[in-house]
Amino acid sequence: MQWNNKDLEQYIDEKVIEYVDTLLIPLMPISLKNDKNLIKRAFQAELLSIFGNELERQFKGRMFLMPIYHYLSTADKQLEVTRLNEWVEDALTNPFKHVLFLTLDSDWKKVEAQLQGEVLWFPSMQSGDLQSDETKGMVKDQISQLTDLIKTYW
Amino acid sequence: MSEKRNQVSRRQFLNYTLTGVGGFMAAGMLAPMVRFAIDPVLKTSAQSDMVAVADLSEISDEPTRIDWTIDQVDGWYESEVPKSAWVYKDENDDIIALSPVCKHLGCFVNWQGDESHPDQFYCPCHDGRYYKSGVNVPNTPPEEPLDEFEVRIDGQTLYLGQTKPHREA
Ligand code: FES
């Protein structure tokens with residue numbers, strides 16, 4: 001399910017809601033600083049969208065994909081943890097069973113224990129051509145690994 | 001779908017804001033999101049809605065997953081939409097192309113996705129199951145068979161079109 005009109009109309013049906021028990025929140029760092037990482041951040045943002053959308057496509061009936069959560073890459077992670085835990089609490093009362101964070105930012109691994117959801121961190125290419133067959137192949141592989149991983153939480 | 005759109009407009013917004021550096025962000029925004037799963041070789045369409053998706057030599061009596069894209073225009077956006085099918089030859093050598101979208105709530109089903117039911121399609125979301133024919137296994141969540149794609153064969157090339165309800169639905 002996605003955060004849009006059409007999916008939500010289906011979602012609000014009581015018979016449907018009980019089946020959608022997993023919330024996926026993509027976490028994406030943003031910084032407008034024009035440094036050597038600028039292009040990399042944009043590239044990874046595109047990748048993260050691809051992963052989120054593709055996972056949602058495969059698990060539409062059980063997984064709700066949240067709009068992407070953005071934060072400044074320089075932000076204090078402790079503050080972000082506090083905010084994200086509020087999200088998790090809200091999700092758990094409404095009434096999701098699993099909250100998964102999808103990210104390419106390894107900083108989240110360091111604070112994973114404090115987060116009340118699971119961190120699905122995966123390493124990715126730093127940059128590249130999303131159109132190339134090589135990149136597509138790698139993305140496809142990673143998605144199938146992620147789908148397997150997600151199934152282990154169920 | 002509209003998540004994708006939101007991101008596009010978010011990026012467009014950034015693009016306008018960041019004059020000078022925004023060009024990088026705009027580059028290839030929409031297309032890569034949906035095109036990545038697909039072999040670009042397979043994109044030519046011979047006739048209106050039918051798309052060449054595979055060579056017949058790739059198809060056996062074991063269901064194989066085929067991925068491709070179609071262009072879709074819906075109101076505001078024109079985009080490439082990823083499509084997938086499970087394709088195999090049945091006992092009569094007819095090509096069967098089933099939609100992978102579970103008729104319960106729309107997850108992707110996998111051929112032999114559950115070890116205890118090796119000759120069935122399995123939906124990981126709520127344990128829905130389908131026989132190889134695409135007909136739903138009674139007492140699992142789905143209440144209808146998987147949809148089928150329109151199939152056409154031209155020489156050695158397999159074309160798939162729209163989905164329609166299963167022949168036994
Ligand atoms: S979506 Fe397939 S069993 Fe529920």
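The exercises below work through the fold of chain A and a sheet of chain B in a predicted model.

**Exercise 1. Determine how the helices and strands of chain A are arranged along its sequence.**

Begin with the inventory, which for chain A consists of six helices and five strands. Placing these elements in sequence order then gives the pattern α-α-β-α-β-β-α-β-α-β-α.

**Exercise 2. Decide what radius of gyration a compact globule of 154 residues would have, and how chain A stands against that value.**

The expected radius for a compact globule with 154 residues is near 15 Å, and because chain A has 16 Å, the two agree. As a second step, consider the extent along the principal axes, where the C-alpha atoms of chain A fill a box of roughly 50 × 40 × 30 Å. Next, take burial, for which the cut-off is a relative accessible area under 20%; by this criterion 51% of the 154 residues in chain A are buried. Finally, turn to the contacts with a separation of 6 or more, of which 70% in chain A are between residues 24 or more positions apart.

**Exercise 3. Characterise the surface and the charges of chain A.**

The accessible surface of chain A amounts to about 7,500 Å², and carbon and sulfur atoms contribute 53% of that area. For the charges, one averages the positions of the 17 positive and the 24 negative ones separately, and the two mean positions turn out to lie 4 Å apart.

**Exercise 4. Establish why strand β4 of chain A, residues 98-103, can be called largely enclosed, and which strands pair with it.**

Six of the six residues of β4(A) are buried, and therefore the strand is largely enclosed by the rest of the structure. Resolving the side chains by direction, His98(A), Leu100(A) and Leu102(A) point one way, whereas Val99(A), Phe101(A) and Thr103(A) point the other way. Then follow the pairing: strand β1(A), residues 22-30, runs parallel to β4(A) and is joined to it by six bridges, with Leu27(A) standing opposite Thr103(A). Strand β5(A), residues 118-121, also pairs with β4(A) in the parallel sense, over four bridges, and here Leu100(A) stands opposite Glu118(A).

**Exercise 5. Work out which strands stand at the edges of the β5-β6-β7 sheet in chain B.**

The three strands form an open sheet in the order β5-β6-β7, with antiparallel pairing. Since β5 (110-111) and β7 (128-131) of chain B each have a single partner strand, they stand at the edges, so one side of each is left without a neighbour in the sheet. To examine one pairing, note that two bridges join β5(B) to the antiparallel strand β6(B), residues 120-123, where Phe121(B) is the bridge partner of Trp111(B).

Conventions. Residues are numbered from 1 along each chain as its sequence is written. Chains are lettered from A and ligands numbered from 1 in the order in which they are written. This is a predicted model: local features need pLDDT of at least 70, side-chain atom pairs count only at pLDDT 80 or more; totals for chains, interfaces and linings use all residues. Side-chain values use heavy atoms; hydrogens and water are left out. The radius of gyration is taken over C-alpha atoms; the globule rule is 2.2 Å times the number of residues to the power 0.38. Buried means under 20% relative accessible area, exposed over 50%, partly exposed in between (1.4 Å probe, protein chains only). Contact means heavy atoms within 4.5 Å. Accessible areas come from the Shrake-Rupley method with a 1.4 Å probe; for residues, only the protein chains shown count as cover. Lys and Arg count as positive and Asp and Glu as negative; His and the chain ends are not counted. The place of a charge is taken as NZ of Lys, CZ of Arg, CG of Asp or CD of Glu. Two strands pair if DSSP finds at least two bridges between them.
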